[in-house]
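Reader: I should like to go through this model and ask, for each term applied to it, what justifies the term. May we begin with the ligand and its surroundings?

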Amino acid sequence: MGINSIENKAAGASPEPHVAAQEALAALVLRCVECDARYPGYETEARYRCKCGGVLDVEAPFRLPASKGGNEGTASVWKQLFDERASTAPIWPLNTSQLLPDRSGVWRYRELILPVPESAIVSRPEGNTSLYPVGLENCEEGRKGHRQIGAYAGLEHFFLKHEGENPTGSFKDRGMSSGVTMARLRGARAVACASTGNTSASLASYAAQAGMQGIVFLPAGQVAGGKLAQSLAYGATTVQIEGDFDAAMQLVEQVCNELGVYLLNSLNPYRVEGQKAIGLEILQQLNWQAPDWLVLPAGNLGNTSAIGKAFRQAHQLGLIDHLPRIASIQAAGANPFYRSFTQQFARRERVHADTVASAIKIGDPVSYARARRVIEESNGIVEEVTDEEILAAKAVIDRSGIGCEPASAAALAGAKKLVARGIIRSDERVVGVLTGHMLKDSHTGIPQSVTGQTIAPALDAVKRALKL
Ligand code: F0G
């Protein structure tokens, strides 16, 4: 199916804007993070890496929409634009083909994401996730349970951004929205990724929406059951491989380059652009008052790269007055980035990964070079936490009533450790990112069965069972 037929099928609109979009995208620059080489943002053959093997980063000038002057704009005009869009009444039109990018927590910031026509956007919509105040000082009495998290970390002003509240249950939906939009502009018929669960479910959902074939490469036996079921239900083709995530990642890159399938792992620079919106949304929710720290789990290093880039760009635009320090938290059994950090990034390390936190069980992170830049420029830090620390932190988040998947809990475990080490002060403003939903890896760290015996359906029996 060519770009015209996809366009006609999906929206019934003329194909012209998409040709124009390809031209607009070609004006963007893909810059190699390793050697600085530059490529056009749109080429007939999709490009995921530099000729030197380095990963690529999108560089784009930012322009306000014509209604706001069409120029580079000042910080206050940008803030006003995003705040107006965020306050759009939550009313859905009956005509579902009408896109509402202002309602998406990604496309609300579209001038900073991708310059594409609104009719080309593939969106659920995603984002608009909660930022829970959970610190000892910023959590109200009515949320006593949530406050336990602040007490556990030892933080007075602490927030948790719950990306598990996205449509398919993880932050992946943000980058998938921009990635599948790009696939649609390219006229791609099939899209693929390697995944331990979340990326595959997200890809499957967005590919289904856009009428493309979704192909997911999974490390056999290492994918959470619910996530596999989700991908299958959305209609994705699954390929189980004998090997771990790192092997699946290598294979899918080769497959996409050889077979012309469009690659949608975060190696794809356009996925990172959508993922930046996590950072932008956090800043907007904090009324553009940048936190002192952002603490997040780190596996393939996509979030470290994307959120760090969002903060850098927000700072360049004057939306915030300082760069938050980024703390990337790795599992001790999957800690190549931590190992490199402890030697001032003198060497890129690779490990054979092993941790209960399946989403960050990654030994050779694709976005290493992008993330290194973020840690260096934000005066950030990389920390490691053991599986025991991850599961203890998960229990605190679960019992608070919020809940998250194991990998996400690394953020709290890491924050606690950095406070204990005196690196984060207890009175600093800290945001932690919970990357995925608690129903993933639900065999890990939570009770597996209802306790007690089956009872008769009678009040007396209940009194005895509950000891009331
Ligand atoms: N948290 C969750 C819930 C994830 O699903 C992932 C990655 C990460 C953290 C690590 O992300 O790149 O920001 O370090 N999941 C991939 C997947 C592996 O296949 O879903 P990063």
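Author: The model is a predicted one. The ligand has 20 residues around it, and those that come nearest are Ser 195, Thr 196, Gly 299, Gly 302 and Thr 435.

Reader: What makes the pair formed by Ser 195 and the ligand a polar contact?

Author: A polar contact requires a pair of N or O atoms within 3.5 Å. A polar side-chain atom of Ser 195 is 2.7 Å from an oxygen atom of the ligand, so the pair meets the cut-off.

Reader: Which side chains have an N or O atom paired with a nitrogen atom of the ligand?

Author: Lys 172 is one of them, with a distance of 3.1 Å between its side-chain N or O atom and the ligand nitrogen. Thr 435 is another, at 2.7 Å. Both values are within 3.5 Å, and therefore both pairs are called polar contacts.

Reader: How much of the ligand's area does the protein bury?

Author: The ligand taken alone exposes 490 Å², of which the protein buries 99%.

Reader: What is the make-up of the shell around the ligand by class?

Author: The shell holds seven nonpolar, eleven polar and two charged residues. Helix 6 (198-210) and helix 11 (302-316) each contribute at least two residues to it.

Reader: Why is the space taken by the ligand called a cavity and not a pocket?

Author: A cavity is a set of grid points, computed over the protein atoms alone, where a 1.4 Å probe fits but cannot get out, whereas a pocket is an open set. The space taken by the ligand is classed as a cavity, and so the probe cannot get out of it. It is the largest cavity, with a volume of about 340 Å³. Three cavities of 30 Å³ or more are found in the whole structure.

Reader: Which residues and elements line the largest cavity?

Author: The lining has 26 residues, and Phe 171, Lys 172, Asn 300, Ala 359 and Ile 362 are the closest to the centre. Helix 6, helix 9 (269-275) and helix 11 give two or more residues each, and helix 11 gives the most, with three. By class, the lining divides into nine nonpolar, 14 polar and three charged residues.

Reader: What makes Pro 125 and Gln 344 worth noting in the backbone?

Author: Most residues other than glycine have a negative phi, and most peptide bonds are trans. The bond joining Arg 124 and Pro 125 is cis, with omega about 15°; Pro 125 lies in the loop between helix 3 (75-86) and strand 4 (131-133). Gln 344 has a positive phi, near 50°, and is placed in the loop between helix 12 (336-342) and helix 13 (368-377).

Conventions:
Residues numbered from 1 in each chain as written. Predicted model: local features only at pLDDT ≥ 70, side-chain atom pairs only at ≥ 80, totals over all residues. Heavy atoms only, no water. Near = heavy atom within 4 Å. Polar contact = N/O pair within 3.5 Å; in protein donor to acceptor, adjacent residues only side chain to side chain. Areas by Shrake-Rupley, 256 points an atom, 1.4 Å probe, with all protein chains shown as cover. 1 Å grid on protein atoms, 1.4 Å probe; cavity = no way out; pocket = protein on both sides within 12 Å on 5 of 7 lines; lining within 4 Å. Sits in = over half its atoms within 2 Å of the grid points. Helix = DSSP H or I, 4+ residues; strand = E, 2+ residues; numbered from the N terminus. Nonpolar A, V, L, I, M, F, W, Y, C, P; charged D, E, K, R; others polar. Points joined across faces, edges and corners; volume = space filled by probe spheres on them.
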